[in-house]
2 protein chains.
Amino acid sequence: MGRYVFGVDIGGTTVKLGLFGEEGCLLDKWEIPTIKENQGASILPDVAASIREKMEEKGIGEPDVAGIGVGAPGAVDDEGTLVGGAVNIGWKAFNIPKALGAYINVQVKAANDANAAAYGEMWQGGGKGSNHMVAVTLGTGVGGGIVVNGELLMGAAGAGGEIGHIHLADEETESCGCGNKGCLEQYASATGIARLAKRRLAQDEKESILRKKAISAKSVFDAVKAGDEVAIEIAEQFGDYLGKGLAAVAAVVNPEVFVIGGGVSKAGEILLSYVEPAFRKYAFHQCRGAKFVLAKLGNDAGIYGAAGLIISTLCKGKQFNDQ
Amino acid sequence: MGRYVFGVDIGGTTVKLGLFGEEGCLLDKWEIPTIKENQGASILPDVAASIREKMEEKGIGEPDVAGIGVGAPGAVDDEGTLVGGAVNIGWKAFNIPKALGAYINVQVKAANDANAAAYGEMWQGGGKGSNHMVAVTLGTGVGGGIVVNGELLMGAAGAGGEIGHIHLADEETESCGCGNKGCLEQYASATGIARLAKRRLAQDEKESILRKKAISAKSVFDAVKAGDEVAIEIAEQFGDYLGKGLAAVAAVVNPEVFVIGGGVSKAGEILLSYVEPAFRKYAFHQCRGAKFVLAKLGNDAGIYGAAGLIISTLCKGKQFNDQ
């Protein structure tokens, strides 16, 4: 058993890497560019080379490395296979631990990047201390990562936690990126909030700060903070959709806590003030007590969670949070 | 380690008991009445006495019993505590393993009855061989039991799988038993289907077999089988609601298979023919491949699952389905 763990978070533009002690402290972090040419064929060799470089720099030998955890932008099954590939970096389906293990001879584990980030938030972030957690990422889309009994819920095809695609609105006429109509993501992502705003502004001529601005999730919540009535209506709509969707999630997995992250969550606590009341309105009474907190690790959640995939295997038979 | 396991399923009218070999074969089953007087104080002593009687009858000593699994009609947490009591048998909150263990000195585990039935269906029933399963019970209400990685998902407060209370319809004016409005249970339970039927029949004067009958889920599906157009419309409505609700469940836990049981499922395969197309319409593409099967164990699912709670602990470190 080694003394160091690497966490790798593969994104569309950069690969984030972290060096952790096996007790979970982040010792160093850095980034390398994601080279997408040739169906992303050089990404894993680049990751391996970057890790080897760091090992040399720090004088870490292969026997000192307990493993490498990898978060990848696609559905990943229990064996670490990227089931349907990862469109935005050009990858087809393959087994990540085997492929990376061909370049560097240590234990490798892989998970979906949103799931890894969720795991990171449970382990060292907003959900710390909770074994039943749902991490919600409000970014370009709406992602989810679900932790049950201290373990990531991957699902049969690695699509566990795809909560952005819960169907909420029969009357929706536009299509979601997934091809369906009326998905949560169409109302609660950054683009979804901007869409709600444009629809609301087109309804009438009511005065609003938003009429003089570029519409974005940020400009909407800035206007909410300035007391803009139209923006508040939009935030209420957003909160109603997200609260309804998370109430459905709660009826399925009954979490202790929802950890809200992603770019939209930079609006801060005010965002929760629109989501929580709607959640409690729609939630089943026994699930209604779930707490809402903001994510804490920001862009580091992915490397934390990836490293956590390895570190959790080091304390055999123990619950991760009991360490 | 003993050679026998008892499975106990505590219902509102009777307690079902089963004697199993530790390899999972049902050797004997019987029932005793549920005595609800005095807040159900005699139920567990009665269960213990009945098990002792069976042990004497079969010549089984205490060291030969690996344990007793109990399914109870309320939310049960990981420790076997009936968190919020069980209203319909008069029980307040208490720890079931400790209470039953006071009468009979063997390992006791407890779970919610719907969850136990789900576990039974995964282990020896319609979901056999699947580690990612959702059991849906369409009875007086709509219950759910979720199995992830071969283990029951209990949730933080034992309310995991309460899928009957996923909010589906903003326009609903009547209240669900839980106090909310627009829950899945209001459209997909036996009473829900009867309600849909009454609403549809009140809409116009269109001829239907159902106008001459007592309205129930059974009479609706009998009329569907006879080709009755109004009944078919009702079945389509039911299928749309249930398919939509299960698509939300799939976006959260991504199961391989939905096992449909409970009284309503006695309608048979025709029921699935209304649910499956709606599910595939609303489901996220990576979750769309989930199979639908009918439950196989009927009223025995609960005792199977309760026994399975114990038997799963006998093969330490092994996945239950790998046995």
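How are α7(A) and α9(A) oriented relative to each other? In this predicted model, the axes of helix α7 (residues 217-225) of chain A and of α9(A) come within 10 Å and cross at roughly 90°. Since angles of 65 to 115 degrees count as roughly perpendicular, α7(A) and α9(A) are therefore roughly perpendicular to each other. The residues that meet are A:F221, A:V224 and A:K225 on the side of α7(A), and A:I270, A:L271 and A:Y274 on the side of α9(A). Sorted by class, this contact of α7(A) with α9(A) has 5 nonpolar residues, no polar ones and 1 charged residue.

A second helix pair in chain A can be read in the same terms. Two packed helices are described by the angle between their axes and the distance between the axes. Helix α4 (residues 113-124) of chain A packs against helix α10 (residues 301-314) of chain A at an angle of about 75°, and their axes are 6 Å apart. That angle makes α4(A) roughly perpendicular to α10(A). From α4(A) the contact draws on A:A116, A:A117, A:Y119, A:G120, A:E121, A:W123 and A:Q124, while α10(A) contributes residues including A:A301, A:G302, A:Y304, A:G305, A:L309 and A:I311. By class, the contact of α4(A) with α10(A) has 10 nonpolar, 6 polar and 1 charged residues.

Helix α9(A) also leads to a sheet of chain A. This open sheet has 5 strands in the order β8-β7-β6-β9-β10 (chain A), and its pairing is mixed. At its edges are β8 (151-152) and β10 (291-294) of chain A, each of which pairs on one side only. Helix α9 (residues 269-282) of chain A packs on the sheet, where it touches β6, β9 (257-261) and β10 of chain A, and its direction makes about 160° with that of β10(A). Within the sheet, strand β6 (residues 133-138) and strand β7 (residues 142-148) of chain A pair in the antiparallel sense over 6 bridges, and A:V134 has A:I146 as its bridge partner in β7(A).

Chain A also offers a buried residue in a loop. A:L82 lies between β4 (65-72) and α3 (96-101) of chain A, and at 0% relative accessibility A:L82 counts as buried. Leaving aside its neighbours within four places in sequence, A:L82 is in contact with A:A72, A:G74, A:A75, A:V76, A:W91, A:K92, A:A93, A:F94 and A:I96. The C-alpha atoms of A:L82 and A:A111, which are 29 residues apart along the chain, are separated by 8.4 Å.

In chain B, an open sheet of 5 strands follows the order β3-β2-β1-β4-β5 (chain B), again with mixed pairing. Strands β3 (26-33) and β5 (108-112) of chain B stand at the edges with a single partner strand each, so one side of each is left without a neighbour in the sheet. From one strand to the next, the twist averages 15°.

Strand β1(B) shows both senses of pairing. With strand β4 (residues 65-72) of chain B, strand β1 (residues 4-10) of chain B pairs in the parallel sense over 6 bridges, whereas 7 bridges join β1(B) to β2(B) in an antiparallel run. Residue B:Y4 stands opposite B:V65 in β4(B) and opposite B:G21 in β2(B), while the bridge partner of B:F6 in β4(B) is B:I68. The link between β1(B) and β2(B) is a hairpin with 3 residues between the strands.

In a regular strand the side chains alternate between the two faces of the sheet. Along β1(B), residues B:Y4, B:F6, B:V8 and B:I10 point one way and B:V5, B:G7 and B:D9 the other, and all are buried. Helix α2 (residues 43-58) of chain B lies across β1, β2 (14-21), β3 and β4 of chain B and runs at about 140° to β3(B). Helix α10 (residues 301-314) of chain B packs on the sheet as well, touching β1, β2, β3, β4 and β5 of chain B, and its direction makes about 140° with that of β1(B).

Strand β10 (residues 291-294) of chain B, by contrast, has a covered face with B:F292 and B:L294 and an uncovered face with B:K291 and B:V293. Strand β9 (residues 257-261) of chain B runs parallel to β10(B) and is joined to it by 4 bridges, with B:F292 as the bridge partner of B:F258. Between these strands the chain passes from β9(B) through helix α9 (residues 269-282) of chain B to β10(B), in a β-α-β crossover that is right-handed.

Conventions:
Residues are numbered from 1 along each chain as its sequence is written. Chains are lettered from A and ligands numbered from 1 in the order in which they are written. This is a predicted model: local features need pLDDT of at least 70, side-chain atom pairs count only at pLDDT 80 or more; totals for chains, interfaces and linings use all residues. Side-chain values use heavy atoms; hydrogens and water are left out. Axes are lines fitted to C-alpha atoms, for helices over the stretch in contact, and angles run from 0 to 180 degrees between N-to-C directions. Helices (H or I, at least four residues) and strands (E, at least two) are DSSP runs, numbered from the N terminus. Angles under 35 degrees count as roughly parallel, over 145 as roughly antiparallel, 65 to 115 as roughly perpendicular and the rest as oblique. Contact means heavy atoms within 4.5 Å. Ala, Val, Leu, Ile, Met, Phe, Trp, Tyr, Cys and Pro count as nonpolar, Asp, Glu, Lys and Arg as charged, and the others, Gly among them, as polar. Two strands pair if DSSP finds at least two bridges between them. Buried means under 20% relative accessible area, exposed over 50%, partly exposed in between (1.4 Å probe, protein chains only). A crossover is right-handed if, with the strands pointing away from the viewer, the path from the first strand over the helix to the second runs clockwise.
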